Amino acid sequence: MPLGAKKSKAKQTADPLVGAMGGSGTLISVYPEELTFLFELEKPRYCNLKVVNNSEHHVAFKVKTTSPRKYFVRPNASIVQPWDSCTITITLQAQKDYPPDMQCKDKFLIQSTKVAASTDMDEIPPDTFNKEADKVIEEMKLKVVYTLPSCGGSDDSSVSSLGSRSFKAASDDLMMLKNASLEEIQTIQRLKEERDNMLQQNQQMQRELDVLRRRRSRKGDAGFSLTFAAFAGLIGLMVGLLMSLIFSSAPADA
């Protein structure tokens, strides 16, 4: 029994954020019970967290994380009035690399405690969450989960392509990505970029061909107009000469 107690204690001290897993406590409830981010390279991602006050007291809360440089939390501390709620927006900063096996070890800790109704929401005393003998601090721990987007990506052409396929095929592709290694995911990403580049080059060539067709059409129209003007001028000259001959011969006959 003492050995088991030692193991439990060693495991607890090894965790940088100690507390009960997310859900409901005496003072607050947190929804959802884990933070889920749709992971994409070079793009920030967001997740909303709702904190509900389950008591008749004013409750202050504070959000901590094991990776403070990786996440942006607003508000990271506030006061919730009795039976009221507050929404927290957590932003995952844009990442340059995929995590190993898409597994995230980051954790969040939400501390909560009763405060006086006169406490200023914007100026919570720094010792509010200090663990003292006469103060109850509830702690709730949340896990972070990364999910992958569908292989179609976010561009319009890819979304249309994904929509034209069957639901089962899309689900199979998503499952394949989830089970893929980091190297396979990077290969898929590279192939997608090469495909997009080829599509862009094809569109550029199409635009250049359209420009050449329009230029050729304009040249053809200009040549036709010049020929028609010369022909009309020649006929006008001939008609003028004929008229002059007619009018010049009329007095002579008289």
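This report describes the fold, the strand pairing, some local backbone features and one pocket of a predicted model.

**Overall composition**

The protein chain holds 254 residues, of which buried residues make up 26%. Its secondary structure comes to four helices and ten strands, and from the N terminus on these elements follow the order α-β-β-β-β-β-β-β-β-β-β-α-α-α.

**The open sheet and strand 6**

Four strands form an open sheet in the order 2-4-8-6, and their pairing is antiparallel. Strand 2 (28–31) and strand 6 (71–74) stand at the edges of this sheet, and because each has a single partner strand, one side of each is left without a neighbour in the sheet. On average, and with direction ignored, neighbouring strands of the sheet are turned by 20° against each other.

The partner of strand 6 in this arrangement is strand 8 (residues 85–92), to which four bridges join it in the antiparallel sense. Two of the residue pairs can be named: Val73 has Ile90 of strand 8 as its bridge partner, while Tyr71 is matched in strand 8 with Leu92. These residues of strand 6 also belong together in another respect, since Tyr71 and Val73 make up the covered face of the strand, whereas Phe72 and Arg74 make up the uncovered one. In a regular strand the side chains alternate between the two faces of the sheet.

**Pairing around strand 5**

Strand 5 (residues 58–65) pairs with strand 9 over eight bridges, in the antiparallel sense, and it also pairs with strand 7 (residues 77–80), again antiparallel, over four bridges. On the strand 9 side, the bridge partner of Ala60 is Thr113; on the strand 7 side, Val59 stands opposite Val80. The pairings with stated bridge counts are set out below.

| Strand pair | Sense | Bridges |
|---|---|---|
| Strand 6 and strand 8 | antiparallel | four bridges |
| Strand 5 and strand 9 | antiparallel | eight bridges |
| Strand 5 and strand 7 | antiparallel | four bridges |

**Backbone features in the loops**

Most residues other than glycine have a negative phi, and most peptide bonds are trans. Against that background, several places in this model deserve a closer look.

A cis peptide bond joins Tyr31 and Pro32, with omega at about -5°, and Pro32 has its place in the loop between strand 2 and strand 3 (34–38). The peptide bond from Arg74 to Pro75 is likewise cis, with omega near -10°, and Pro75 lies in the loop between strand 6 and strand 7.

Positive phi values occur at Trp83, where the angle is about 60° although the residue is not a glycine, and at Met102, where phi is near 60°. Trp83 is found in the loop between strand 7 and strand 8, and Met102 in the loop between strand 8 and strand 9. Are these residues buried or exposed? Trp83 has a relative accessibility of 60% and therefore counts as exposed, the cut-off being over 50%, whereas Met102 has a relative accessible area of 10% and is therefore buried, being under 20%.

The loop between strand 8 and strand 9 (107–115) also holds Gln95, which is buried with a relative accessible area of 18%. A polar atom of the side chain of Gln95 lies 2.9 Å from the backbone oxygen of Gln93.

**The second largest pocket**

Met102 appears again in the description of the second largest pocket, which has about 220 Å³ of space. Eleven residues line this pocket, and the closest to its centre are Asp101, Met102, Gln103, Val145 and Tyr146. Which strand gives the most to the lining? Strand 10 (residues 138–147) does, with four residues. By class, the lining of the pocket consists of six nonpolar, two polar and three charged residues. Met102 thus combines a positive phi and a buried position with a place among the lining residues closest to the pocket centre.

How values were computed:
Residues numbered from 1 in each chain as written. Predicted model: local features only at pLDDT ≥ 70, side-chain atom pairs only at ≥ 80, totals over all residues. Heavy atoms only, no water. 1 Å grid on protein atoms, 1.4 Å probe; cavity = no way out; pocket = protein on both sides within 12 Å on 5 of 7 lines; lining within 4 Å. Points joined across faces, edges and corners; volume = space filled by probe spheres on them. Nonpolar A, V, L, I, M, F, W, Y, C, P; charged D, E, K, R; others polar. Pairing = 2+ DSSP bridges. Axes fitted to C-alpha atoms, helices over the stretch in contact; angles between N-to-C directions. Buried < 20%, exposed > 50% of the residue type's maximum accessible area, 1.4 Å probe, protein only. Polar contact = N/O pair within 3.5 Å; in protein donor to acceptor, adjacent residues only side chain to side chain.
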